[in-house]
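Biologist: I'm new to this one. Could you show it to me and put up with some "how do you know" questions?

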Amino acid sequence: MLTIHTLNFSYGDLKVLWDVDLQVNQGEIVTVVGSNGAGKSTTLKNISRLVKPTSGSLTFNGTDLTKLEPHQVVEQGIVQVPEGRKIFPEMTVLENLRMGSYIKSSRGDREANIDRAFTLFPRLKERARQLGGTMSGGEQQMLAIARGLMANPKLLLLDEPSLGLAPLFVKFIFDIITEINRQGVTILLVEQNVFQSLRISHRAYVLETGRVVLSGTGEALLNDEHVKKAFLGM
Ligand SMILES: Nc1ncnc2c1ncn2[C@@H]1O[C@H](COP(=O)(O)OP(=O)(O)OP(=O)(O)O)[C@@H](O)[C@H]1O
Ligand SMILES: [Mg+2]
(Lines give C-alpha, C1' and ligand atoms only; values in the text may rest on other atoms or scores of the structure.)
(Ligands and ions follow the chains in the order given, each with its own letter.)
Protein backbone atom coordinates (compact mmCIF):
# COMPACT_ATOMS: atom_id res chain seq x y z
CA MET A 1 0.00 0.00 0.00
CA LEU A 2 2.69 2.48 1.09
CA THR A 3 6.26 2.00 -0.07
CA ILE A 4 9.11 4.23 1.01
CA HIS A 5 12.44 3.58 -0.66
CA THR A 6 15.80 5.13 0.25
CA LEU A 7 14.25 8.22 1.76
CA ASN A 8 16.77 10.90 2.72
CA PHE A 9 15.82 14.13 4.39
CA SER A 10 17.58 17.17 5.88
CA TYR A 11 16.40 20.22 7.77
CA GLY A 12 18.86 22.68 6.20
CA ASP A 13 22.32 21.31 7.02
CA LEU A 14 21.00 18.82 9.57
CA LYS A 15 20.56 15.41 7.98
CA VAL A 16 17.76 13.60 9.79
CA LEU A 17 16.78 10.57 7.66
CA TRP A 18 19.27 8.22 6.00
CA ASP A 19 18.14 5.75 3.30
CA VAL A 20 14.90 4.85 5.09
CA ASP A 21 13.07 1.87 3.57
CA LEU A 22 9.61 1.19 4.92
CA GLN A 23 6.54 -0.64 3.71
CA VAL A 24 2.97 -0.77 4.93
CA ASN A 25 0.64 -3.42 3.50
CA GLN A 26 -3.11 -3.01 3.38
CA GLY A 27 -4.76 -4.10 6.61
CA GLU A 28 -1.64 -3.88 8.75
CA ILE A 29 -0.73 -2.00 11.88
CA VAL A 30 2.90 -1.01 11.36
CA THR A 31 4.83 0.80 14.07
CA VAL A 32 7.99 2.87 13.95
CA VAL A 33 9.65 2.94 17.34
CA GLY A 34 12.61 5.08 18.31
CA SER A 35 13.91 7.52 20.89
CA ASN A 36 13.45 11.29 20.97
CA GLY A 37 14.87 12.88 17.86
CA ALA A 38 15.23 9.61 15.93
CA GLY A 39 13.24 11.05 13.02
CA LYS A 40 9.85 9.42 13.57
CA SER A 41 7.73 12.56 13.15
CA THR A 42 9.91 13.65 10.24
CA THR A 43 9.18 10.35 8.49
CA LEU A 44 5.43 10.94 8.85
CA LYS A 45 5.79 14.53 7.65
CA ASN A 46 7.53 13.28 4.50
CA ILE A 47 4.57 10.98 3.83
CA SER A 48 1.95 13.67 4.35
CA ARG A 49 4.04 16.15 2.33
CA LEU A 50 4.45 18.67 5.15
CA VAL A 51 8.13 18.49 4.19
CA LYS A 52 9.77 17.44 0.94
CA PRO A 53 12.37 14.65 0.80
CA THR A 54 15.93 15.32 -0.35
CA SER A 55 15.85 12.06 -2.28
CA GLY A 56 14.06 8.74 -2.40
CA SER A 57 10.64 7.54 -3.46
CA LEU A 58 7.29 7.41 -1.69
CA THR A 59 4.36 5.70 -3.37
CA PHE A 60 0.84 4.97 -2.18
CA ASN A 61 -1.18 2.39 -4.12
CA GLY A 62 1.09 3.15 -7.05
CA THR A 63 0.70 6.94 -6.83
CA ASP A 64 3.91 8.96 -6.52
CA LEU A 65 3.35 11.00 -3.34
CA THR A 66 6.27 13.31 -4.06
CA LYS A 67 4.24 14.90 -6.87
CA LEU A 68 1.33 15.82 -4.57
CA GLU A 69 0.39 18.75 -2.34
CA PRO A 70 -0.54 17.96 1.29
CA HIS A 71 -4.30 18.25 0.62
CA GLN A 72 -3.98 15.85 -2.32
CA VAL A 73 -2.33 13.31 -0.03
CA VAL A 74 -5.42 13.49 2.20
CA GLU A 75 -7.60 13.00 -0.87
CA GLN A 76 -5.61 9.84 -1.64
CA GLY A 77 -6.73 8.53 1.76
CA ILE A 78 -3.71 9.28 3.95
CA VAL A 79 -4.64 11.17 7.10
CA GLN A 80 -2.17 12.23 9.77
CA VAL A 81 -3.07 12.72 13.42
CA PRO A 82 -0.22 14.99 14.48
CA GLU A 83 1.91 14.81 17.59
CA GLY A 84 0.55 16.93 20.44
CA ARG A 85 -3.05 16.52 19.25
CA LYS A 86 -3.51 19.99 17.72
CA ILE A 87 -7.27 20.12 18.02
CA PHE A 88 -9.06 23.45 17.64
CA PRO A 89 -9.31 24.69 21.26
CA GLU A 90 -11.98 27.34 20.63
CA MET A 91 -14.32 24.94 18.86
CA THR A 92 -16.60 22.39 20.45
CA VAL A 93 -16.00 18.68 20.17
CA LEU A 94 -18.68 18.42 17.49
CA GLU A 95 -17.25 21.35 15.52
CA ASN A 96 -13.79 19.78 15.70
CA LEU A 97 -15.21 16.55 14.27
CA ARG A 98 -17.00 18.40 11.45
CA MET A 99 -13.70 20.09 10.54
CA GLY A 100 -12.24 16.63 9.98
CA SER A 101 -14.49 15.98 7.01
CA TYR A 102 -13.37 19.00 5.02
CA ILE A 103 -12.34 17.00 1.95
CA LYS A 104 -15.07 16.63 -0.61
CA SER A 105 -15.12 12.85 -0.74
CA SER A 106 -15.87 12.55 2.99
CA ARG A 107 -18.59 15.21 3.32
CA GLY A 108 -21.41 12.86 2.39
CA ASP A 109 -20.37 10.51 5.19
CA ARG A 110 -20.15 13.26 7.79
CA GLU A 111 -23.12 12.25 9.94
CA ALA A 112 -22.32 8.53 9.71
CA ASN A 113 -18.72 9.28 10.66
CA ILE A 114 -19.83 11.36 13.64
CA ASP A 115 -21.90 8.36 14.76
CA ARG A 116 -18.88 6.10 14.33
CA ALA A 117 -16.71 8.52 16.35
CA PHE A 118 -19.28 8.63 19.14
CA THR A 119 -19.53 4.83 19.18
CA LEU A 120 -15.76 4.45 19.42
CA PHE A 121 -15.48 7.25 21.97
CA PRO A 122 -18.66 7.54 24.06
CA ARG A 123 -16.98 10.24 26.13
CA LEU A 124 -16.87 12.52 23.10
CA LYS A 125 -20.60 12.10 22.71
CA GLU A 126 -21.16 13.12 26.33
CA ARG A 127 -18.91 16.15 25.76
CA ALA A 128 -20.11 17.08 22.26
CA ARG A 129 -20.77 20.72 23.20
CA GLN A 130 -17.65 21.20 25.32
CA LEU A 131 -14.83 23.37 23.95
CA GLY A 132 -11.94 21.26 22.70
CA GLY A 133 -9.38 23.26 24.68
CA THR A 134 -11.10 22.46 27.96
CA MET A 135 -10.99 18.69 27.40
CA SER A 136 -8.39 16.69 29.33
CA GLY A 137 -5.22 15.53 27.60
CA GLY A 138 -6.59 12.02 27.08
CA GLU A 139 -9.90 13.33 25.81
CA GLN A 140 -8.11 15.64 23.36
CA GLN A 141 -6.19 12.63 22.07
CA MET A 142 -9.47 10.79 21.51
CA LEU A 143 -10.81 13.84 19.71
CA ALA A 144 -7.73 14.10 17.50
CA ILE A 145 -8.05 10.46 16.43
CA ALA A 146 -11.81 10.79 15.94
CA ARG A 147 -11.28 13.90 13.83
CA GLY A 148 -8.75 12.04 11.68
CA LEU A 149 -11.29 9.30 11.04
CA MET A 150 -13.80 11.87 9.77
CA ALA A 151 -11.86 12.07 6.48
CA ASN A 152 -12.39 8.34 5.73
CA PRO A 153 -8.70 7.42 5.82
CA LYS A 154 -7.40 4.32 4.10
CA LEU A 155 -4.09 4.83 5.91
CA LEU A 156 -4.09 6.58 9.29
CA LEU A 157 -0.78 8.04 10.49
CA LEU A 158 -0.68 8.33 14.27
CA ASP A 159 2.15 10.31 15.89
CA GLU A 160 2.67 9.22 19.51
CA PRO A 161 -0.99 8.89 20.48
CA SER A 162 -0.11 7.57 23.96
CA LEU A 163 2.20 10.45 24.89
CA GLY A 164 1.51 11.88 28.33
CA LEU A 165 -1.47 9.64 29.07
CA ALA A 166 -2.12 7.72 32.28
CA PRO A 167 -1.70 3.92 32.03
CA LEU A 168 -5.42 3.18 31.83
CA PHE A 169 -5.85 5.72 29.04
CA VAL A 170 -2.84 4.29 27.23
CA LYS A 171 -4.44 0.87 27.25
CA PHE A 172 -7.71 2.35 25.98
CA ILE A 173 -5.96 4.18 23.11
CA PHE A 174 -4.13 1.01 22.00
CA ASP A 175 -7.39 -0.97 22.19
CA ILE A 176 -9.06 1.70 20.05
CA ILE A 177 -6.23 1.59 17.48
CA THR A 178 -6.72 -2.17 17.23
CA GLU A 179 -10.47 -1.69 16.79
CA ILE A 180 -10.04 0.98 14.10
CA ASN A 181 -7.71 -1.40 12.27
CA ARG A 182 -10.22 -4.23 12.62
CA GLN A 183 -12.77 -1.96 10.94
CA GLY A 184 -10.53 -1.82 7.87
CA VAL A 185 -8.21 1.15 8.36
CA THR A 186 -4.51 0.49 7.80
CA ILE A 187 -2.34 2.11 10.46
CA LEU A 188 1.17 3.54 10.57
CA LEU A 189 1.93 4.29 14.18
CA VAL A 190 4.89 6.16 15.63
CA GLU A 191 5.52 5.47 19.31
CA GLN A 192 7.91 5.61 22.21
CA ASN A 193 5.72 3.23 24.17
CA VAL A 194 7.58 0.31 22.66
CA PHE A 195 6.04 -2.51 24.66
CA GLN A 196 2.39 -1.61 24.09
CA SER A 197 2.80 -0.62 20.46
CA LEU A 198 4.75 -3.74 19.45
CA ARG A 199 2.12 -5.90 21.11
CA ILE A 200 -0.60 -4.61 18.78
CA SER A 201 1.58 -4.36 15.63
CA HIS A 202 1.72 -6.77 12.74
CA ARG A 203 5.17 -5.43 11.86
CA ALA A 204 7.51 -2.76 13.15
CA TYR A 205 10.67 -0.81 12.40
CA VAL A 206 13.28 0.49 14.83
CA LEU A 207 14.60 3.92 13.87
CA GLU A 208 17.86 5.11 15.43
CA THR A 209 19.28 8.53 14.57
CA GLY A 210 17.48 8.51 11.25
CA ARG A 211 18.31 4.98 10.18
CA VAL A 212 16.21 1.82 10.17
CA VAL A 213 18.34 -0.55 12.24
CA LEU A 214 15.85 -3.39 12.71
CA SER A 215 12.52 -4.55 11.36
CA GLY A 216 10.29 -7.55 11.83
CA THR A 217 7.01 -8.72 13.27
CA GLY A 218 5.89 -7.02 16.46
CA GLU A 219 6.40 -10.27 18.30
CA ALA A 220 9.91 -10.82 16.94
CA LEU A 221 10.98 -7.33 17.94
CA LEU A 222 9.49 -7.72 21.42
CA ASN A 223 11.79 -10.71 21.86
CA ASP A 224 14.81 -9.07 20.23
CA GLU A 225 17.77 -8.61 22.56
CA HIS A 226 18.66 -5.16 21.20
CA VAL A 227 15.08 -3.93 21.54
CA LYS A 228 14.82 -5.34 25.06
CA LYS A 229 18.01 -3.59 26.11
CA ALA A 230 17.50 -0.28 24.31
CA PHE A 231 13.78 0.28 24.89
CA LEU A 232 12.36 -2.13 27.42
CA GLY A 233 14.98 -1.81 30.18
CA MET A 234 15.47 -5.58 30.24
N1 LIG B 1 11.60 22.09 11.76
C2 LIG B 1 12.80 21.62 12.13
N3 LIG B 1 13.93 22.31 11.89
C4 LIG B 1 15.14 21.82 12.22
N5 LIG B 1 15.33 20.63 12.82
C6 LIG B 1 14.25 19.90 13.09
C7 LIG B 1 12.93 20.34 12.77
N8 LIG B 1 12.05 19.41 13.17
C9 LIG B 1 12.79 18.41 13.72
N10 LIG B 1 14.10 18.70 13.67
C11 LIG B 1 15.21 17.84 14.14
O12 LIG B 1 15.16 16.61 13.42
C13 LIG B 1 15.47 15.52 14.26
C14 LIG B 1 14.33 14.50 14.18
O15 LIG B 1 13.15 15.09 14.72
P16 LIG B 1 11.77 14.33 14.80
O17 LIG B 1 10.79 15.30 15.30
O18 LIG B 1 11.51 13.65 13.52
O19 LIG B 1 12.09 13.23 15.91
P20 LIG B 1 11.11 12.21 16.63
O21 LIG B 1 11.68 10.87 16.42
O22 LIG B 1 9.72 12.45 16.20
O23 LIG B 1 11.31 12.62 18.16
P24 LIG B 1 10.24 12.73 19.36
O25 LIG B 1 10.05 11.33 19.85
O26 LIG B 1 10.96 13.55 20.38
O27 LIG B 1 8.99 13.34 18.84
C28 LIG B 1 15.68 16.10 15.65
O29 LIG B 1 17.07 16.22 15.85
C30 LIG B 1 15.03 17.46 15.58
O31 LIG B 1 15.67 18.39 16.43
MG1 LIG C 1 8.05 13.12 17.13
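Modeller: Sure. The chain is divided into domain 1 (2-77 + 153-231) and domain 2 (86-151). This is a predicted model, so local features need pLDDT of at least 70 and side-chain atom pairs pLDDT 80 or more, while totals for chains, interfaces and linings use all residues. Residues are numbered from 1 along each chain as its sequence is written, chains are lettered from A and ligands numbered from 1 in written order, and side-chain values use heavy atoms, leaving out hydrogens and water.

Biologist: How do you know where the domains begin and end?

Modeller: Their bounds come from an automatic or database domain assignment. The C-alpha centres of the two lie 23 Å apart.

Biologist: What makes residues of domain 1 and domain 2 count as in contact?

Modeller: Contact means heavy atoms within 4.5 Å, and 15 residues of domain 1 are in contact with 15 residues of domain 2.

Biologist: And what is called buried area?

Modeller: That's the accessible area (1.4 Å probe) two parts lose on being put together, summed over both. Here that comes to about 1,300 Å², 79% of it on carbon and sulfur atoms. Val74, Pro153 and Phe169 supply 32% of what domain 1 buries against domain 2, more than any other three residues.

Biologist: Now ligand 1. Why call the asparagine 36 pair a polar contact?

Modeller: A polar contact is a pair of N or O atoms within 3.5 Å (within protein, one must be able to donate a hydrogen and the other to accept it, and sequence neighbours count only if both atoms are side-chain atoms). A polar side-chain atom of asparagine 36 lies 2.8 Å from an oxygen atom of ligand 1, so the pair qualifies. Tyrosine 11 has a polar side-chain atom 3.4 Å from a ligand 1 nitrogen, so that pair passes too.
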